[in-house]
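Open your viewer and load the model. Keep the selection tool at hand. This tour tells you what to pick and what you will find there.

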Amino acid sequence: KSLHMPATKRLSISEFHRLVAVSEPAGGEEALPRGPSGDVGRRAVPGTRRWISKGDGDMQLVVSELAVPEGSGAPVVETVEGFKQAFDLIVDEYLNGFDASEACRCVLELQAPQFHFQVVKRGVLRAMDEADRERELIAILLSCLHERGTLTAEQVAAGFRAILADLDDLTIDMPTATPLLAHFLADAVLDGLLPRAELARWAADFSAAPAAAAALDGAALRLGGHRGGAETSPGEVAAVRREVGSVVEEYLCSHDVAEVRRRLGEMSLPAELQHNVVRVAVELALDRTDQQRELISRLLCALAHAPLEQRALARGFEVLLSHADGLTLDIPATPALLAAFLVRAVADDVLPPAFVKQLPPEALVSERMRETLSHARAQLAAAHFSGRRRNVWGRAARGAAVGGVEDLKVAVSEIVRELFSSGEEGEALRCVRELHTPAFHHELVKRLIVAAIDVPRREQELAVGLVQRMVTEEVLSPEQLCLGRQRAAEGAEDLRLDNPRAPELIADFLERLPG
């Protein structure tokens with residue numbers, strides 16, 4: 001909870017950014033900017049957490065939440081140990097509640113900018129001990145603090161230097177500390193927290209420290225293999241998108257994730273181009289069937305974190321949202337479809353919940369982007385929707401996407417359960433059609449018969465009605481109906497163990513079915 005909440009005056013987010021903006025000091029490349037970094041290297045891409053961290057959309061920020069006046073009574077932390085303890089509590093609450101604005105306000109209320117380098121140091125060290133989800137959330141928090149001007153580039157640099165200085169000792173207890181720090185350093189550059197040239201200066205300072213040198217080399221590799229490389233040309237981007245499109249098209253036919261991994265490995269995409277895999281895959285899926293959209297969602301889940309980094313996944317969806325208006329001109333259902341992809345990505349841990357929860361600033365939001373994010377947030381917030389987040393493309397599509405017998409059985413069971421629950425024969429018939437497996441319809445007939453022996457009259461009538469409608473509309477062939485009836489009759493004796501009247505009930509039910 002917040003440490004202090006004085007009387008407040010409300011202020012729009014644009015006015016707030018104007019008030020807290022701090023001009024960069026003179027001195028060229030050698031001087032570290034005190035506010036959000038400007039040029040962080042020509043090959044660096046826009047920060048993937050920028051639009052998350054710049055504000056909370058339509059929410060009105062409060063002046064005193066971000067500028068605590070002197071003599072207001074807010075607690076002032078005077079020792080570094082006190083600051084560490086207070087910041088640890090702030091991080092604990094943030095990781096539980098995902099409220100970046102509240103965390104930023106609490107840090108500012110500590111009124112201890114001289115200790116703000118500890119925000120980076122303790123935040124990154126905490127992230128090293130957490131799972132990927134918490135690491136991404138902490139990275140978002142650092143970016144939020146930086147964008148609001150609470151955390152300066154000088155403080156970010158001091159925090160990372162402190163970690164580099166202790167890295168040799170850290171690796172004794174945590175062998176993965178070096179690659180994890182390399183990841184955070186690269187993200188700090190790409191998110192605008194650090195100038196890229198700063199890493200080059202540090203390389204000389206830490207050349208005698210093996211772990212620190214390895215972390216800096218790893219960060220340089222993540223940033224494109226060398227410092228100060230040439231900017232990616234539009235022609236190169238177009239070529240990458242064409243090749244990725246070819247890979248995705250083949251996957252939609254073969255369903256072979258391993259082949260996609262192999263092809264992407266051969267392409268050796270640099271970090272700043274990896275987001276095109278997400279963008280191309282989702283754009284292709286927007287104009288396809290629910291079954292193919294399900295396949296794309298599964299592909300993104302399979303590629304998450306390796307070979308695609310978290311930053312690339314987030315950046316890909318960020319670009320899709322920024323193009324929502326243009327995509328809607330060709331595909332009117334784009335906002336709803338993008339929202340479904342976002343919900344599924346959160347359910348599959350491809351994206352952190354904060355990506356959808358925190359709306360970007362008003363200046364960065366278009367009408368379609370707002371519609372998409374609002375729709376996704378509503379689905380994620382609805383308690384009754386929690387069990388359906390992985391079924392955004394329909395249970396039939398989810399079962400048919402892979403085409404395995406076990407997946408199809410699960411899909412058929414879901415159709416039967418939804419039929420009995422909702423009573424909508426038309427929706428059940430639509431799901432049966434979407435399975436695109438006419439040779440497997442006998443399984444649906446069998447499961448309807450078996451399920452009907454233990455349910456009230458209403459559900460029995462629904463089962464009979466669905467079979468009759470499938471026959472009438474020529475969805476169910478006579479051969480499949482006959483096979484389904486035969487399989488149900490053959491299994492009657494086995495069902496007697498659970499229901500002694502099973503053979504009699506099945507025989508009575510078969511008489512009510514067509515054919």
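The stops below go from the whole chain to single residue pairs.

**Stop 1: the whole chain**

Start with everything on screen. This is a predicted model. Color it by secondary structure. The chain has 28 helices and two strands. Now think about surface and interior. Of the 515 residues in the chain, 53% are buried. Next, consider how the chain meets itself. Take the contacts between residues at least 6 apart in sequence: 80% of them join residues at least 24 apart.

**Stop 2: the largest nonpolar core**

Select V124, F160, L164, L181, L185, L194 and W202. These residues have the most contacts inside the largest nonpolar core, which has 59 residues. Which elements give two or more residues to this core? They are α4 (80–97), α5 (100–109), α6 (117–128), α7 (132–147), α8 (153–173), α9 (177–190), α10 (196–205) and α11 (210–222). Highlight α9, because the largest share of the core, nine residues, comes from this helix.

Now center on L185. Leave aside residues up to four places away in sequence. What does L185 touch? Its partners are F160, L164, L194, L199, W202, A215, L216 and A219.

There is a second core to visit. It is separate and has 52 residues, among them V247, Y251, L269 and L303.

**Stop 3: helix α10**

Select α10. Its buried residues are R196, A197, E198, L199 and W202. Which helices do they pack against? Show α8, α9 and α11: the buried residues of α10 pack against these three.

Stay with α10 and pick D205. D205 forms a salt bridge with R161. The closest N and O atoms of the pair are 3.2 Å apart. D205 is in α10 and R161 is in α8, so the pair ties together parts that are 44 residues apart in sequence. Is R161 buried, exposed or partly exposed? Its relative accessibility is 32%, so R161 counts as partly exposed.

**Stop 4: a buried arginine in a loop**

Go to the loop between α7 and α8 and select R148. R148 has a relative accessible area of 5%, so this residue counts as buried. Show side chains here. The side chain of R148 makes a polar contact with the side chain of S101, at 3.2 Å.

**Stop 5: more salt bridges**

Side chains of opposite charge can pair when their charged atoms come close. The structure holds 32 salt bridges. Here are a few more to pick.

Select R262 and E266. Their side chains meet in a salt bridge, 2.4 Å from N to O. Both lie in helix α13 (residues 257–267), and they are four residues apart, so about one helical turn separates them. Compare how open they are. R262 is partly exposed, at 40% relative accessibility. E266 is exposed, at 53%.

Move on to E283 and R279. This salt bridge spans 3.1 Å, N to O. Both residues lie in helix α14 (residues 275–286), four residues apart, about one turn of the helix. R279 is buried, with a relative accessible area of 15%.

Now select E294, R298, R344 and D348 together. Salt bridges that share partners join these four into one network.

**Stop 6: a buried glutamate**

Pick E318 in helix α16 (residues 310–322). Is E318 buried or exposed? At 10% relative accessibility, E318 counts as buried. Add V278 to the selection. The two residues are 40 apart along the chain, and their C-alpha atoms are separated by 10.0 Å.

**Stop 7: the two sides of α20**

Finish with helix α20 (residues 367–381). Use the distance tool on its end C-alpha atoms: they are 21 Å apart. At 1.5 Å a residue, its 15 residues should span 21 Å, so the two values agree.

Now color the buried residues of α20: M369, T372, L373, A376, Q379 and L380. They cover an arc of only 125 degrees around the axis, so they sit on the same side of the helix. Turn α20 around. On the other side, E367 and A381 are exposed.

Methods. Residues are numbered from 1 along each chain as its sequence is written. This is a predicted model: local features need pLDDT of at least 70, side-chain atom pairs count only at pLDDT 80 or more; totals for chains, interfaces and linings use all residues. Side-chain values use heavy atoms; hydrogens and water are left out. A nonpolar core is a set of buried Ala, Val, Leu, Ile, Met, Phe, Trp, Tyr and Cys residues joined through side-chain atoms within 4.5 Å. Buried means under 20% relative accessible area, exposed over 50%, partly exposed in between (1.4 Å probe, protein chains only). Contact means heavy atoms within 4.5 Å. A polar contact is a pair of N or O atoms within 3.5 Å; within protein, one must be able to donate a hydrogen and the other to accept it, and residues adjacent in sequence count only if both atoms are side-chain atoms. The expected span of a helix is 1.5 Å times one less than its number of residues. The arc is that of the directions from the helix axis to the C-beta atoms.
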